[in-house]
There are 2 protein chains.
Amino acid sequence: MDTTPEQARREAELTSRVLESFAACQDPHLRLLMQALTRHLHAFIREVRLSEDELYAAIEFLTGAGRITDDERQEFVLLSDVLGASMQTITVNDRAVGAATEATVLGPFRTERAPEIELGGDISGGASGMPCWVEGSVTDVQGGAVPHARIEVWEADDQGCYDVQYADDRVAGRACMTADDAGRYRFWALKPTPYPIPDDGPVGMMLRAVGRSPVRAPHLHFMVTAPGHRRLVTHIFVEGADQLGSGDSVFGVRDSLVKAFEDQPGGTPTPDCRDLGGQPWTRTRFDIVLAPEG
Amino acid sequence: MDTTPEQARREAELTSRVLESFAACQDPHLRLLMQALTRHLHAFIREVRLSEDELYAAIEFLTGAGRITDDERQEFVLLSDVLGASMQTITVNDRAVGAATEATVLGPFRTERAPEIELGGDISGGASGMPCWVEGSVTDVQGGAVPHARIEVWEADDQGCYDVQYADDRVAGRACMTADDAGRYRFWALKPTPYPIPDDGPVGMMLRAVGRSPVRAPHLHFMVTAPGHRRLVTHIFVEGADQLGSGDSVFGVRDSLVKAFEDQPGGTPTPDCRDLGGQPWTRTRFDIVLAPEG
């Protein structure tokens with residue numbers, strides 16, 4: 001956008017004054033944050049030549065997001081998610097270390113109620129969906145086994161609901177387990193299916209206005225911890241799903257986290273000889289690599 | 001901040017995916033706005049290496065702003081104001097044209113209730129403060145008189161209150177008038193005094209955290225309209241006040257809008273021979289230059 005030198009001077013002077021207003025901040029890190037926020041916010045306004053009506057529309061949007069937010073519904077988290085701000089924050093803090101497994105968003109559905117299961121146990125707790133055998137190993141970035149890592153997993157049922165969204169108090173679709181001496185783990189879960197984030201508020205309206213879907217790519221959550229290693233919060237995604245790449249509404253997908261799920265016809269023998277009564281099932285493998293702590 | 005090439009690739013790829021998610025937007029200007037917002041937001045997060053706790057704190061801040069906002073209180077406007085976003089938006093839309101008077105923020109206190117006064121009349125409506133004679137001219141950027149411009153003015157009393165903040169329904173500290181054939185105007189007002197923006201919410205908490213004052217530089221609001229000319233919304237500020245430059249909490253001050261107010265001892269004859277009962281008064285001059293329309 002062409003501006004005259006005088007116009008450019010006025011715009012730059014205003015930004016300088018706002019930056020200067022934070023100069024007396026006693027907390028140097030807070031000062032850095034506020035000054036950087038100011039620089040980027042002003043650069044955005046200048047670049048797009050924001051109109052006053054657009055500024056008011058943005059303020060109305062935030063006001064609407066505030067109105068729908070309560071103890072159960074957090075529209076500002078959704079906003080951060082659909083703008084990729086949540087995932088960018090995860091990414092800058094999940095420093096790339098060799099082959100360490102990439103992190104993704106925690107999401108709002110983790111609870112403290114995951115029951116303990118044996119290796120090979122079933123996390124579904126009666127939730128509906130196609131049985132899914134998951135197995136893999138936990139190693140460090142040198143390839144050495146990490147024995148006894150704690151693995152917590154959780155997921156939605158095939159209607160797109162986590163247990164906390166059920167009308168009753170049932171615990172389903174979540175569990176904790178401990179990997180074996182050689183860092184191996186295995187369990188039965190449900191094949192992940194796509195589901196939408198809440199889209200009946202301002203964020204949903206925005207997604208419709210820009211032609212985006214609220215649907216999340218089908219995924220299974222993992223949280224993996226082991227002494228001396230960085231805590232890993234991640235998902236695995238179903239290869240071939242429609243919402244991979246830029247199609248996941250919160251941008252949680254990393255290509256390295258997309259896994260083949262090999263669907264098996266009914267009657268195919270299961271790895272642990274479990275009798276599934278002739279129903280089809282699927283299987284996947286997720287080898288986890290933990291970064292060192294710090 | 002040093003990042004490895006792989007780390008930088010992951011961060012950039014994420015931003016690309018978010019940008020790509022807006023590609024299907026049918027409204028090209030909305031697409032431009034959302035993609036620019038994404039670029040600047042992600043650049044901020046990457047530059048400051050935003051921590052997850054800081055992101056949560058920002059979400060909590062917005063949630064608190066939403067909670068305090070209602071039909072009377074607009075915390076998101078205050079936030080836009082104290083970050084200079086409101087004033088930067090004004091500035092990009094108030095294209096510099098020759099000597100045309102600079103615009104500043106409208107503020108929340110303009111109403112439709114300004115009474116009509118004759119030139120030389122008193123806008124105070126009984127509000128308290130030091131009487132202040134204001135006079136000037138309205139010209140175009142070629143220096144030609146703009147006859148019969150409509151001039152609306154409004155201000156707080158010397159307790160920092162606008163009439164809409166009074167407990168009763170009184171109209172005070174505001175008026176409309178029409179400049180004469182030669183574009184001249186004059187009226188009695190009150191000498192402006194500093195006052196704080198509302199600071200009992202999240203925005204006030206933020207200002208305290210960074211060592212900033214909520215006080216606005218003392219000012220008198222003007223809205224000036226004339227056919228064929230761009231509407232001017234501005235203030236004049238009192239020279240020598242403590243809150244000029246970067247000290248005004250909403251960054252409304254432009255150096256060109258700072259005017260000398262010449263205080264007069266009690267008993268000094270007034271320009272229109274008005275009898276002020278021996279009290280001190282002040283005077284200022286504001287020559288208004290209107291830009292052409294469009």
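A residue counts as exposed when its relative accessible area is over 50%, and as buried when that area is under 20%. Keep those cut-offs in mind for every stop. This is a predicted model.

**Start with an exposed cysteine**

Select Cys273(A). Its relative accessibility is 69%, so Cys273(A) counts as exposed. Follow the chain on both sides of Cys273(A): this loop runs between strand S10 (262-264) and strand S11 (281-285) of chain A. Now check the backbone. Cys273(A) is not a glycine, yet its phi is positive, at about 65 degrees. Most residues other than glycine have a negative phi.

Where is His148(A) found? Select it and look at the loop between strand S1 (131-140) and strand S2 (150-154) of chain A. His148(A) is another non-glycine residue with a positive phi, here about 60 degrees. Its relative accessibility is 44%, between the two cut-offs of 20% and 50%, so His148(A) counts as partly exposed.

**Zoom out to chain A**

Show the whole of chain A. Its average pLDDT is 96, and 99% of its residues score at least 70. For the complex, the predictor gives an ipTM of 0.95 and a pTM of 0.94.

Colour by secondary structure. Chain A has six helices and 12 strands. Its C-alpha trace spans about 80 × 40 × 35 Å along the principal axes. Of the 294 residues in chain A, 54% are buried. Consider contacts with a separation of 6 or more: in chain A, 70% of them join residues 24 or more positions apart.

Turn on the surface. The accessible surface of chain A is about 12,700 Å². Carbon and sulfur atoms hold 52% of that area. Then colour by charge. Chain A carries 28 positive and 45 negative side chains. The centres of these two sets are 4 Å apart.

**The five-stranded sheet of chain A**

Hide the surface and pick out strands S3, S2, S7, S8 and S9 of chain A. They form an open sheet in the order S3-S2-S7-S8-S9, with mixed pairing. Go to the edges, where S3 (174-178) and S9 (258-259) of chain A stand. Each has a single partner strand, so one side of each is left without a neighbour in the sheet.

Move inward to S7 (residues 219-225) and S8 (residues 232-238) of chain A. These two strands pair antiparallel over six bridges. Select His221(A), then find its bridge partner in S8(A): it is His235(A).

**The S7, S8 and S9 strands of chain B**

Switch to chain B. Strand S7 (residues 219-225) of chain B runs antiparallel to S8(B), and six bridges join the two. Select Leu220(B). Which residue stands opposite it in S8(B)? The answer is Ile236(B).

Follow the turn of this hairpin, with six residues between the strands. Stop at Gly228(B), which takes a positive phi near 85 degrees.

Now take the other pairing of S8(B). Two bridges join S8(B) to strand S9 (residues 258-259) of chain B, and these strands run parallel. Phe237(B) has Val258(B) as its bridge partner in S9(B).

Is S8 of chain B enclosed or open? Seven of the seven residues of S8 (residues 232-238) of chain B are buried, so the strand is largely enclosed by the rest of the structure.

**A glycine in a loop of chain B**

Select Gly126(B), in the loop between helix H5 (85-93) and strand S1 (131-140) of chain B. At 67% relative accessibility, Gly126(B) counts as exposed. Draw a distance to Asp157(B). The two are 31 residues apart in sequence, and their C-alpha atoms are 9.5 Å apart.

**Where the chains meet**

Show both chains and select helix H5 (residues 85-93) of chain A. Eight of its nine residues are buried. Among them are Met87(A), Ile90(A) and Val92(A). What covers the buried residues of H5(A)? The cover includes helix H4 (75-82) of chain A, along with H1 (5-21), H2 (28-48) and H3 (52-68) of chain B.

Finish at Arg17(A), in helix H1 (residues 5-21) of chain A. Its relative accessibility is 11%, so Arg17(A) counts as buried. Leave aside its neighbours within four places in sequence, and its contacts are with Gly245(B), Ser246(B), Phe251(B), Val253(B), Arg254(B) and Asp255(B).

Technical notes. Residues numbered from 1 in each chain as written. Chains lettered and ligands numbered in written order. Heavy atoms only, no water. pLDDT = per-residue confidence, 0-100. Helix = DSSP H or I, 4+ residues; strand = E, 2+ residues; numbered from the N terminus. Buried < 20%, exposed > 50% of the residue type's maximum accessible area, 1.4 Å probe, protein only. Contact = heavy atoms within 4.5 Å. Areas by Shrake-Rupley, 256 points an atom, 1.4 Å probe, with all protein chains shown as cover. Lys, Arg positive; Asp, Glu negative; His and termini not counted. Charge placed at Lys NZ, Arg CZ, Asp CG, Glu CD. Pairing = 2+ DSSP bridges.
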